[in-house]
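Open the model in your viewer and keep the selection box ready. Each stop below says what to select next and what is there.

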Amino acid sequence: MANQGKIININGPVVKAVHMEGFMVREMVMVGEKKLIGEVISLEKDLGTIQVYEETSGLRMGEEVHGTGMPLCVKLGPGIIGNIFDGIERPLSKIYDSGQKFIPEGIGLISIDESKKWDVRILAKPGDMLDSGDVFAVVQETSMVDHKIMVPPGIKGRVTEVAESGSYNIRQTLVALENQGKKYELAMYQEWPVRKPRPVARRMPIEKLLVTGQRVIDTFFPLAKGGTAAIPGGFGTGKTITQHQLAKWSDADIIVYIGCGERGNEMTEVLEDFPKLKDPRTGKPLMDRTVLIANTSNMPVAAREASIYTGITIAEYFRDMGYNVAIMADSTSRWAEALREIAGRLEEMPAEEGYPAYLASRLAAFYERAGYVKNLNGTEGSITVIGAVSPAGGDFSEPVTQATKRIVGAFLALDRELAYARHFPSINWLSSYSGYVPMLGGWFKENVAPDMMALRVKMLRILQEENKLMDIVKLVGEDVLPDDQRVILEISRIIKMGYLQQNAYHPQDSYVPLSRQYRMLKVIERLYDRAYSCVKNGIPLSKIKDEKLFSDIIMMKYNASDEKPGLFQELEERIDRYYDGLESVYKEGAANES
């Protein structure tokens with residue numbers, strides 16, 4: 001008989017019950033007559049504290065708590081890709097189709113569809129030895145994802161029975177194993193505790209770029225497959241749009257997008273936009289490689305705390321198949337606020353700004369589940385975690401931003417002044433950084449160009465020099481600067497407007513391949529080198545700056561395309577023609593004067 005407790009205290013999502021001696025910490029429980037889903041978070045003698053993942057209004061004292069004997073788990077199998085779940089993996093579209101506009105209490109832990117039939121190709125044969133993680137069947141889940149059915153971790157044995165390839169639901173047995181007298185019947189799905197990382201054979205070095213098609217990220221602050229990144233920014237700085245861009249265009253095989261405590265209208269935008277979008281590499285629907293987890297700000301706060309664990313567990317499952325997975329967590333600040341609210345109701349001692357003392361360790365435990373790994377079945381896979389941070393008032397010194405900054409490998413700081421000046425993505429090139437640059441140097445050399453990293457350093461140096469000069473300009477004006485420094489200001493303006501600024505809604509500018517990013521930088525470098533050389537030869541800036549040429553270079557981001565492969569060469573030739581003519585005129589003038 002399952003353990004039973006009795007409710008003696010209800011404080012929002014936190015419920016206390018007695019007669020809890022037989023329960024375990026982190027055990028999933030059913031609370032009250034409606035059987036609300038909860039999790040035991042502490043036990044003291046016979047008193048247990050439970051956090052409930054559903055709305056507790058209407059719950060009464062004296063109602064019973066029933067144990068399940070297992071931790072909070074997610075069901076992993078075909079039917080995840082293209083779906084949208086709440087924070088504990090309940091399918092929202094299925095709930096909506098049943099006529100419910102909100103998630104009803106006591107609906108239970110429904111998950112992926114158990115009745116749908118899938119066409120299964122069985123790979124195992126009788127007599128085969130299968131170990132944990134080995135693939136014994138394959139399902140074509142979407143046009144872009146082959147769902148590999150794997151032996152769950154901790155199980156191995158010799159195949160004794162095999163079903164024929166055909167159409168099955170996820171509960172039907174496909175393969176039977178036997179090991180030391182024990183029999184295991186393997187179906188299409190497996191269950192895994194959300195708070196426990198899935199095992200891997202070993203971690204591997206990070207050395208591959210996560211291509212995003214966003215110039216400021218790919219070139220200046222690159223992200224790596226298996227890496228971690230934070231996108232902090234105040235209200236209105238473009239965190240969500242930046243994450244949408246990464247989710248739409250990054251070259252990960254699978255995208256897990258977690259809307260954690262965000263406004264409902266932002267998740268609505270995701271739900272409306274993503275089904276219409278095409279993958280830039282395959283031309284197939286983007287939802288064919290995307291999983292959405294929506295826990296909006298009006299949903300139960302405890303489920304918000306669980307949502308990022310649900311997301312990372314789903315990501316680990318697809319990583320185990322050999323896929324590169326990218327997780328967008330929007331935003332970890334809302335998740336931290338859920339931790340703070342629950343900690344307050346638990347009467348825990350608050351730390352800085354009311355957050356619990358374990359905030360940093362919980363954040364680290366989440367980001368540590370990223371990585372590039374060798375899986376149990378010998379394949380390689382990765383999880384890249386990109387978390388948005390929403391500091392109140394844009395204050396980067398607050399605890400969540402500071403704790404995140406100590407953990408992540410890349411920090412893409414969004415700037416309010418850039419956002420208000422309509423410069424998007426509003427990533428500040430002076431306060432952002434990427435720790436993956438040294439690791440990715442070889443990848444850029446091999447896949448883009450040998451001088452790509454040197455070009456990046458040169459452009460960043462120009463931007464940093466411009467920042468120093470602007471302090472002088474603000475005091476005494478630009479006219480007092482010598483021409484060689486004024487050239488730096490002009491080239492910086494081109495870098496900022498023509499390269500760093502990118503229009504997410506422009507069909508040509510929304511996604512830019514690395515080869516085109518490199519050619520754009522080479523055009524800007526050619527302009528800088530020739531203009532700077534002319535200044536050093538005594539030619540005045542008024543002659544060096546050709547408005548039409550400078551304007552066309554800024555606009556090349558909209559004009560360059562696969563249909564116009566010669567645009568960059570044409571611009572470089574125009575630069576050379578213009579400055580060759582300018583230098584010859586001034587040389588003739590100097591010769592005549594002498």
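## First stop: two cysteines

Select Cys73. This cysteine counts as buried because its relative accessibility is 12%, and the cut-off for buried is under 20%. Now select Cys260. Its relative accessibility is 0%, so Cys260 counts as buried too. How many disulfides does the count come to? The count comes to zero.

## Step back: the whole chain

Zoom out. This is a predicted model. The protein chain has 594 residues, and 55% of them count as buried. Colour by secondary structure. The chain comes to 17 helices and 26 strands. Turn the view along the principal axes. The C-alpha trace spans about 105 × 55 × 45 Å.

Now think about contacts between residues at least 6 apart in sequence. What share of them joins residues at least 24 apart? The share is 70%.

## Second stop: Phe23

Select Phe23. Look for the loop between β2 (14-18) and β3 (27-31); Phe23 sits there. Is Phe23 buried or exposed? Phe23 counts as buried, because its relative accessibility is 5%.

Show its surroundings, leaving aside neighbours within four places in sequence. Phe23 is in contact with Asn3, Gln4 and Gly5, and with Val29, Val40 and Leu43. Val65, His66 and Gly67 are also in contact with Phe23.

Next, draw a distance from Phe23 to Ala247. The two residues are 224 apart along the chain, and their C-alpha atoms are separated by 40 Å. Follow that line to its far end.

## Third stop: helix α3

Ala247 is one of the buried residues of α3. Select the helix, residues 239-249. Is α3 mostly covered or mostly open? It is mostly covered: ten of its eleven residues are buried.

Show the side chains of the buried set. It begins with Lys239, Thr240, Thr242, Gln243 and His244. Gln245, Leu246, Ala247, Lys248 and Trp249 complete the list.

What do these residues pack against? Two helices are partners: α2 (215-220) and α4 (264-273). The strands are β19 (228-232), β20 (254-260), β22 (324-330) and β24 (380-389).

## Fourth stop: Ile170

Select Ile170. It is found in the loop between β14 (166-168) and β15 (175-179). With a relative accessible area of 0%, Ile170 is buried.

Add Pro78 to the selection. Ile170 and Pro78 are 92 residues apart in sequence, yet 7.4 Å apart in space, C-alpha to C-alpha. Pro78 also touches Ile170. Other residues that touch Ile170 include Lys75, Ile112, Asp113, Glu114, Lys116 and Trp118. Ala187, Met188 and Tyr189 touch it as well.

## Fifth stop: α5 against α6

Now for helix pairs. Two packed helices are described by the angle between their axes and the distance between the axes.

Select α5, residues 301-320, and α6. They pack at an angle of about 130 degrees, with their axes 8 Å apart. That angle makes α5 oblique to α6. Is the crossing left-handed or right-handed? The crossing of α5 and α6 is left-handed.

Show the side chains where they meet. From α5 come Val301, Ala302, Arg304, Glu305, Ile308 and Tyr309. From α6 come Arg334, Trp335, Glu337, Ala338, Leu339, Glu341 and Ile342. By class, this contact has eight nonpolar, no polar and five charged residues.

## Sixth stop: α6 against α7

Keep α6 (residues 332-345) and add α7 (residues 359-367). Their axes come within 11 Å and cross at roughly 135 degrees. That makes α6 oblique to α7. Here α6 passes α7 in a right-handed crossing.

Thr332, Trp335, Ala336 and Leu339 make the contact from α6. Leu359, Arg362, Leu363 and Tyr367 make it from α7. The classes are six nonpolar, one polar and one charged.

## Last stop: α10 against α11

Select α10 (residues 437-447) and α11 (residues 452-476). The axes come within 9 Å and cross at roughly 130 degrees. The two helices are therefore oblique to each other.

Which residues make the contact? Val437, Gly441 and Phe444 do so in α10, and Met452, Met453 and Arg456 in α11. They divide into four nonpolar, one polar and one charged.

Definitions and conventions. Residues numbered from 1 in each chain as written. Predicted model: local features only at pLDDT ≥ 70, side-chain atom pairs only at ≥ 80, totals over all residues. Heavy atoms only, no water. Buried < 20%, exposed > 50% of the residue type's maximum accessible area, 1.4 Å probe, protein only. Helix = DSSP H or I, 4+ residues; strand = E, 2+ residues; numbered from the N terminus. Contact = heavy atoms within 4.5 Å. Disulfide = S-S within 2.5 Å. Axes fitted to C-alpha atoms, helices over the stretch in contact; angles between N-to-C directions. Parallel < 35°, antiparallel > 145°, perpendicular 65-115°, else oblique. Left-handed = near helix turned anticlockwise from the far one by under 90°. Nonpolar A, V, L, I, M, F, W, Y, C, P; charged D, E, K, R; others polar.
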